[in-house]
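Reader: I am new to this structure and would like a close look at a single part of it, with enough of the surroundings to see where that part belongs. Please take your time, and tell me also how far the model can be trusted.

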Amino acid sequence: MTHFTDEDLTAFLDGEATADLAQEIERALDSDVALQKRLEDLSLPVDELRQAMQQVTDQAPDLPDVLTNTASTSKRQASNKGIGNWIYSGSLAASILISLIIGGVFGKTYFASTEVQGWKSYVAAYQSLYVGDTLNSIELTPEQTQKNLNNLSSQMGIDLAKMTSGSGLDFKRAQLLGFKGKPLVQLAYLSPEGQPVALCIIRTNKGNTEAIGMDELEGMVAASWRKDGYAYLFIGGQDDAVIREGAERFKALL
């Protein structure tokens, strides 16, 4: 049995371990069942997160405009206040979720169950809070959509405008989130059956993957791949065909 401290494991799960420590833990995981169990015990409590999130959002008061965005974004709000509102709503939800994970509500720290999942686990926990009505009420003009996508494309260094059509999905919005100081973009869609699904993109220093990997995260079908310095996750609902075919179309477009 390999011995690692709790600090070693939490650093590993949180992506903050040194390269040598991370490699040592990864090698140990191949054969150490007890170590695998210790990591599983640190998995995200999504049901508690969902309940707490609902309580927080139900009771949340309206916030003043000064808190809805940075100074640079505030200049844009005068002409496009609607965009600022829904971008902030998504960012607020993400911030609440991360606060819960860190322990502000439960008084303890929770981490993803494996290093490989990392950011995907946080995205999955956030996506699991979505229902069809979350996106149904969003109505943006083509001009609003284009302006927002241009801003996000500039920040991410990748053209997102082409991701709104030709996918067989109903594009609803794009928003900028973040994970460990790195920008993370979420493009939200409704499937033909009205299920909320999302394509999430983050920069990575890992190499390309040959094929799309299929998985199940928080009860939702998920597809992931890496290409040209970016990692992608397409997730939502339980329809394997929708996620697999959507991921293949997105991968071909990018």
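Author: Two residues are in contact when they have heavy atoms within 4.5 Å of each other. By that rule, among the contacts in the protein chain with a separation of 6 or more, 59% are between residues 24 or more positions apart. What you see is a predicted model, and its secondary structure comes to nine helices and six strands. Of the 254 residues of the chain, 45% count as buried, and the accessible surface is about 13,100 Å², with 50% of that belonging to carbon and sulfur atoms.

The part I would choose for a close look is helix α6, which covers residues 119–127. Nine of its nine residues are buried, so the helix is largely enclosed by the rest of the structure. The buried residues include W119, Y122 and Y126, and also K120, S121 and Q127; V123, A124 and A125 are buried in α6 as well.

Two of the tyrosines of this helix lead to aromatic pairs, of which the count for the model comes to seven. The rings of Y122 and F179 have their centres 5.2 Å apart, and because their planes stand at 55 degrees, the pair is tilted. This pair joins distant parts of the chain, since Y122 belongs to helix α6 and F179 to strand β1, 57 residues apart. Both Y122 and F179 are buried. The other pair is made by Y126 and Y130, and it is edge-to-face, with 5.5 Å from centre to centre and 75 degrees between the planes. Y126 has a relative accessible area of 7% and is therefore buried, and Y130, with a relative accessible area of 9%, is buried too.

From F179 one can go on to the nonpolar cores. The largest of these has 26 residues, and L160, L187, Y189, L199, Y232, F234 and F250 are the ones that touch the most other members. At least two residues of this core come from each of α8 (142–156), β1 (170–179), β2 (182–190), β3 (196–203), β5 (220–227), β6 (230–235) and α9 (240–253), and α9 supplies the largest share, four residues. A second, separate core has 22 residues, and F179, the ring partner of Y122, is included in it along with C200, L217 and A222. In soluble globular proteins, nonpolar side chains tend to be buried together.

Within the largest core, L187 gives a good idea of how many neighbours one side can bring: leaving aside residues up to four places away in sequence, L187 touches L149, L160, M163, F171, R173, A174, V197, A198 and L199. Ring pairs also link F171, Y189, F234 and F250 into a cluster.

Two loop residues give a view of a finer kind. D32 is placed in the loop between α2 (19–29) and α3 (33–40), and it is buried, with a relative accessible area of 7%. The side chain of D32 reaches the backbone nitrogen of A34 at 3.1 Å, and a polar atom of that side chain lies 3.0 Å from the backbone nitrogen of L35. T204 sits in the loop between β3 and β4 (213–217), where its side chain reaches the backbone nitrogen of K206 at 3.1 Å. Not counting residues up to four places away in sequence, T204 touches R226, G229, Y230 and A231.

As for trust, the mean pLDDT of the chain is 75, and 65% of the residues reach 70 or more. Among the elements, β6 has the highest mean pLDDT (96), whereas helix α5 (residues 71–102) has the lowest (44). Over residues 59–116 the pLDDT is below 50, although this stretch has 90 contacts in the model beyond near neighbours in sequence. Where pLDDT is low, the predicted coordinates should not be read in detail.

Key
Residues numbered from 1 in each chain as written. Predicted model: local features only at pLDDT ≥ 70, side-chain atom pairs only at ≥ 80, totals over all residues. Heavy atoms only, no water. Buried < 20%, exposed > 50% of the residue type's maximum accessible area, 1.4 Å probe, protein only. Areas by Shrake-Rupley, 256 points an atom, 1.4 Å probe, with all protein chains shown as cover. Core = buried A, V, L, I, M, F, W, Y, C linked by side-chain atoms within 4.5 Å. Polar contact = N/O pair within 3.5 Å; in protein donor to acceptor, adjacent residues only side chain to side chain. Phe/Tyr/Trp six-rings, centres within 6.5 Å; stacked < 30°, edge-to-face > 60°. pLDDT = per-residue confidence, 0-100.
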